[in-house]
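Please look over the sequence and the coordinates shown here before reading on. The report that follows takes up a few features in turn, each under a short heading.

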Amino acid sequence: MLQRFPVESKGRRKKLQEVGYVTTICFSCFLIRCIMVCFNVFDKAADLDVLDHPILNLIYYVLVEILPSSLVLFILRKLPPKRGITQYHPIR
């Protein structure tokens, strides 16, 4: 998609910035989740599923699931412009 834009164009810079944001969000959330799972594996006293504290469960899943998904959807909310039906020709 970036090949359509000239090298120093505003559109290319904006798309690269969007890709950077999405990459940073996904990497951060996967890293947090990985650290939490590793912590859960190596420390037997730790438990990710805290059934006694539903608020802690809510905070954990909001931080590593819902918030990142919402941010990615917000960043990528613009759809590409609709193309007209130019490839079909009227039947004669």
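## Buried positions of α2

In this predicted model, the buried residues of helix α2 are N57, Y60, V64, P68, V72 and I75. The cover over the buried residues of α2 includes helix α1.

## Geometry of α2

Helix α2 runs over residues 54–75, and because each of its 22 residues is taken at 1.5 Å, a span of 32 Å is expected, which agrees with the 30 Å computed between its end C-alpha atoms. Along its course, α2 bends by about 50° at V62.

## E18 in α1

E18 lies in helix α1, which comprises residues 10–42. Is E18 buried or exposed? Its relative accessibility is 14%, and since buried means under 20%, E18 counts as buried.

Leaving aside residues up to four places away in sequence, E18 touches I75 and L76; of these contacts, I75 is also one of the buried residues of α2.

## The chain as a whole

The protein chain contains two helices and zero strands, and of its 92 residues 13% count as buried. Among the contacts with a separation of 6 or more, 50% are accounted for by residues 24 or more positions apart.

The area exposed by the protein chain is about 8500 Å², of which carbon and sulfur atoms supply 68%.

Methods. Residues numbered from 1 in each chain as written. Predicted model: local features only at pLDDT ≥ 70, side-chain atom pairs only at ≥ 80, totals over all residues. Heavy atoms only, no water. Helix = DSSP H or I, 4+ residues; strand = E, 2+ residues; numbered from the N terminus. Buried < 20%, exposed > 50% of the residue type's maximum accessible area, 1.4 Å probe, protein only. Contact = heavy atoms within 4.5 Å. Expected span 1.5 Å × (residues − 1). Bend = angle between axes of the 7 residues up to and from the residue. Areas by Shrake-Rupley, 256 points an atom, 1.4 Å probe, with all protein chains shown as cover.
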